[in-house]
Amino acid sequence: MARDLSVYVHLPFCLRKCHYCDFNSRPAAESERARYLAALKLEIQRRAELLGASHIRTIFLGGGTPTIYHGEELAGLLEMLKDTAASPPPAPRMPETGGSAGVRTTNGMGRGGTSRFAGPSPVPPSGRELDRAAPPTAAPRTEVTCEANPETVDVAKLRVLREAGFNRLSVGAQSFDDDELRMLGRGHSAEQTALAVAAAREAGFTNLSLDLIYALPGQTLNSWRQTLLRALELQPDHLSAYGLEICEGTPFHARLQAGEIAPVEEAEHLAMRQVTRELCEAAGLDRYEISNYARPGFECAHNITYWRNEEYLGLGAGAWSYLDGVRSGNMREPREYRAAIEAGESPEEYAEELAPEDALAEALMMGLRMTEGLLLHDLAQAYGAESIEALLQRARPLVEMALVEVGAGRIRLTEAGEELHSEVVMRLT
Amino acid sequence: MATEAKADRPKVVQRVPQENVRNFCIVAHIDHGKSTLADRLLEVCGNVEEAGEQMLDTMDLERERGITIKSSAVRLLYEADDGELYQLNLIDTPGHVDFAYEVSRSLQACEGAVVLVDVSQGVEAQTVANVYLALEAELEIIPVINKIDVPNVEPEMALKEMDDAFGFHPDEIVMTSGKSGVGVHELLEAIVKRVPAPDEDADAPLRAMIFDSEFDVHQGVIAYVRVFEGRVRPGDEIRMMSSGKRFDVSRTGFFSPAMVDVEELRAGDVGYITAGIKGVKDSRVGDTITCAKKGAEEPLPGYREAQPMVFCGLYPVDNADYEALKDALDRLSLNDAALKYDRETSAALGFGFRCGFLGLLHMEIVQERLEREYDLDLVATAPSVVYRITLTDGTFVEVDNPAQFPPRELIEVIEEPVVEANIMCPQRYVGQVIKVSDDRRGAYLKQEYIWGDRVALHYRLPLAEIVVDYFDALKSATRGYATLDYELAGYVPEDLTKVELMINGDPVDALAIICHRQFAESRGRVIARKLKEAIPRQLFEVRIQASIGSRVVASTRIAPLRRNVTEKCYGGDVTRKRKLLERQKEGKRRMKAIGNVQVPQEAFMSILRLNEED
């Protein structure tokens, strides 16, 4: 049996750094971007055995701004990834890639993911199927997402992507208020976002997501409502809405320190979340994770891999993998990463084999982000009945406080509990 | 270790006649360079190769705080310009007002005192106090101005202050630099020439005064003694004159600073005795050691049992650590005769100990050592003094814990301890000192223009105010220029009352304080606000109230936490996020649960830090 695997590819470059951004992202010269891409392809080759032996469920190109690259470059990258995954494993299956029970104990949550999903992810028919070389079972099509910034795409480019096999586009809209976009340091207008969405539709993207940020300094409930309404007018299939987190090292943080901006009050923030939920649901987008909304069937299968604590392979600078109970991360600096790859060395700079209690903590932390919560039966199988007994003991006061619900074989957070996710997880672990 | 030291430095064990013995100490204000100068003396006399980092201060904690808690005694052999060999016993003295009694015993062991003044700081209040103590002990005083290597500082001011304060003439004053070694030779010569030799009877029955003692796990207590009469050697049976307890002497010797055994200590000598003594409580500072048989009739004068002045509750954050805390206190007290502790139970905090200390510094040191050396997480309740209460039925009680204050209707009179404080500061800060003192119920006694622009202000102040924040307030009001020195001056009746704090309607005994009725309401309000700041938001509303008797004087609430979520969390965030939560959880674990409210350790002390709001 091929193992299910999600693949994340990090493209850490952008045109310019946004004022709130603390991601692994930076502007770079075109030559540097090209060398990085070449290094990335080398890393894919190195992972040929794993990729060939796996059933690739999802691929996600994230950044940075992946669409800073030419359509053909991204198409070529995907092509290579597909070809590598399609090649049968070059050598007899090594035990550690064969899913032997002994080494996979900490990753028990990863099995049989899609069957627990609210509904199978019906990726619209498109392009070539990645799974053609996989065992002839009725494997679902692979979800292939590319992140895009409005100012870096047009119909032609998006067509190239679509034809190459990308079937999901995640557009970084962030706001539909031009003043707010300027404050955020974005390189596009609200109008450009609308044009990018139209172009994506025209290019054949039938699974389209918008990213929004709210709780901006100075933002009112009403201006957020306006942004949301304009976003929903564009009829996205999926929407992610994140409260702004002001991180150290960002220009926003400096301005916060200088007293020039103030974070939005808690009550206001909560009201914004409330209005998000209401408007999205009215538009047919159901919340399925703390910050994510989708038309039924359009939930992001790739991200669900993370939240269900299932296996994934990360490629590129700063990309993380979770394989065989080990979390590992590549060097963050693109140049360092590239240099390591070019020198034939491992780009990995961190690896941790999770102890069972840490694996359970992570499974809870991630799984409780999802509205559906976690199946107790699965938890008990993966971590032992006793630790789940203990978990339920710890859950009791939280159930009394109406932050956690236990029932129908599941543990999940209530709406109030989700707002206190960190607090609740601390008490449950 | 002793034998090695002996082998290395044979000349130190050489005996000299009593007339070539000089016993002296160095008195100085904190940071005036005492330890550095002492190390330099050791170096010059060949006791150590090179002055290290303040050899005489042994505990890390002391080093960090730049103060000496315990005194030590080191023997130096000095070949003077007259060609004679002299045995110099340098007795180090503690430098903080909490340890005034220990200072007085160290002085008693000497015939001379080197009074050290920092050239740029001049004479400080504490120095003056210690010089008076030295004069009372009839010591020959050698004034020294130290740190003369400091650039751009002229010694004129310090010289003038030495003259104004004590009448020392410039020609008597030795100028030194502990750092560069300048003047150290002159100082040694002055000690030899000016400090008188002991003149004591070695054939009388033994009388040796303990001026310090230290517990060592291998040999029990090491008692630092000054032998005034008779002699003592290993094998002798000795008797502690305060308790009558008897011990067999196992070692006698001196520090070089390593331990060096000698076959006997005799009248005039300073050195150590070990005798299988299990804890410093059996070897009290100031006590007299005599021989068990045909011992002296009378002890040496001046013995006083260390009297704790400040009390607080110490509780483990985790109740399971109670035994570990008890064990740690038992072990600490082996080396700290002044530390008192008794079991105590608090409704809010569980099982713990009521602990008595010489002063706030002593309290902080003990608490820090318990946390650091014994790896305990502790909650310390606000320090309290001992109140004397006469009840309506005529009985009389002493209460050192606000939680145990009798109900108001049963109290006839409350008396609180007061101190006489001597505050020295430059004249321009007199107004501030008066304000700080008046605000803290100080009664002005007198003011003296001692020298230059230096003024000494005398106040009578409640000890409780000193315990709270008087010294901090003085320091900040005078930009650090004021110095404080105080001594207990009895008890006076006062109109005091208990202020209680309630969390979610339940009184928290550990947060109760006693204060003057006049300030009770405002203190209650400030404490409620401080607690609101100190207690993190919980998952439910927390109400905080302050009450006097049954009357609520302040009420505030901490709104429940409603949002604590990382909204964006994907594959790359998992480990980092889990570790962040683990750290936060660890932080919570270090808080004390009162009912179901998590209260951080600092909250219990923060109720005392009221100065700016008052």
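Over the ring of which residue does the charged end of R327(A) sit? The charged end of R327(A) sits over the ring of Y322(A), 3.9 Å from its centre. Here a charge counts as sitting over a ring if NZ of Lys or CZ of Arg is within 6 Å of the ring centre and within 35 degrees of the ring normal. R295(A) offers another case, with its charged end 4.3 Å from the centre of the ring of F298(A).

Before we go on, a word on the model. It is predicted, so local features need pLDDT of at least 70 and side-chain atom pairs count only at pLDDT 80 or more, while totals for chains, interfaces and linings use all residues. Residues are numbered from 1 along each chain as its sequence is written, chains are lettered from A and ligands numbered from 1 in the order in which they are written, and side-chain values use heavy atoms, with hydrogens and water left out.

**Rings that meet**

A pair of aromatic rings is described by the distance of the centres and the angle of the planes. Rings of Phe, Tyr and Trp (its six-membered ring) pair if their centres lie within 6.5 Å; planes under 30 degrees apart are stacked, over 60 edge-to-face, and the rest tilted. Over all chains there are 20 aromatic pairs, and here are two of them:

| Pair | Centre to centre | Angle of planes | Kind |
|---|---|---|---|
| Y306(A) and Y570(B) | 6.4 Å | 65° | edge-to-face |
| Y322(B) and F353(B) | 5.1 Å | 5° | stacked |

The edge-to-face pair crosses between chains: Y306(A) belongs to helix α10 (residues 301–307) of chain A, and Y570(B) to the loop between β31 (551–558) and α13 (574–589) of chain B. Helices (H or I, at least four residues) and strands (E, at least two) are DSSP runs, numbered from the N terminus. Both rings' residues also take part in one aromatic cluster, formed by Y242(A), Y288(A), Y306(A), W307(A), Y312(A), Y322(A) and Y570(B).

Are Y306(A) and Y570(B) buried or exposed? Buried means under 20% relative accessible area, exposed over 50%, and partly exposed in between (1.4 Å probe, protein chains only). Y306(A) is buried because its relative accessibility is 6%, and Y570(B) is buried with 13%.

The stacked pair links distant parts of chain B, from Y322(B) in helix α8 (residues 322–333) to F353(B) in strand β19 (residues 350–357), 31 residues apart. Y322(B) is buried at 10% relative accessibility, and F353(B) is buried at 2%.

**An enclosed helix**

Helix α16 (residues 421–428) of chain A is largely enclosed by the rest of the structure, because seven of its eight residues are buried. Among them are H421(A), E423(A) and L428(A). The cover over its buried residues includes α12 (356–367) and α14 (385–400) of chain A, together with α13 of chain B.

**A cavity in view**

Chain B has 14 helices and 33 strands, and buried residues make up 57% of its 614 residues. Turning to the second largest cavity, 17 residues line it, and P383(B), Y387(B), A464(B), V468(B) and I514(B) are the closest to its centre. The largest share of this lining, four residues, comes from α11(B). On a 1 Å grid over the protein atoms alone, a cavity is a set of points where a 1.4 Å probe fits but cannot get out, and lining residues have an atom within 4 Å of a point.

Technical notes:
Contact = heavy atoms within 4.5 Å. 1 Å grid on protein atoms, 1.4 Å probe; cavity = no way out; pocket = protein on both sides within 12 Å on 5 of 7 lines; lining within 4 Å.
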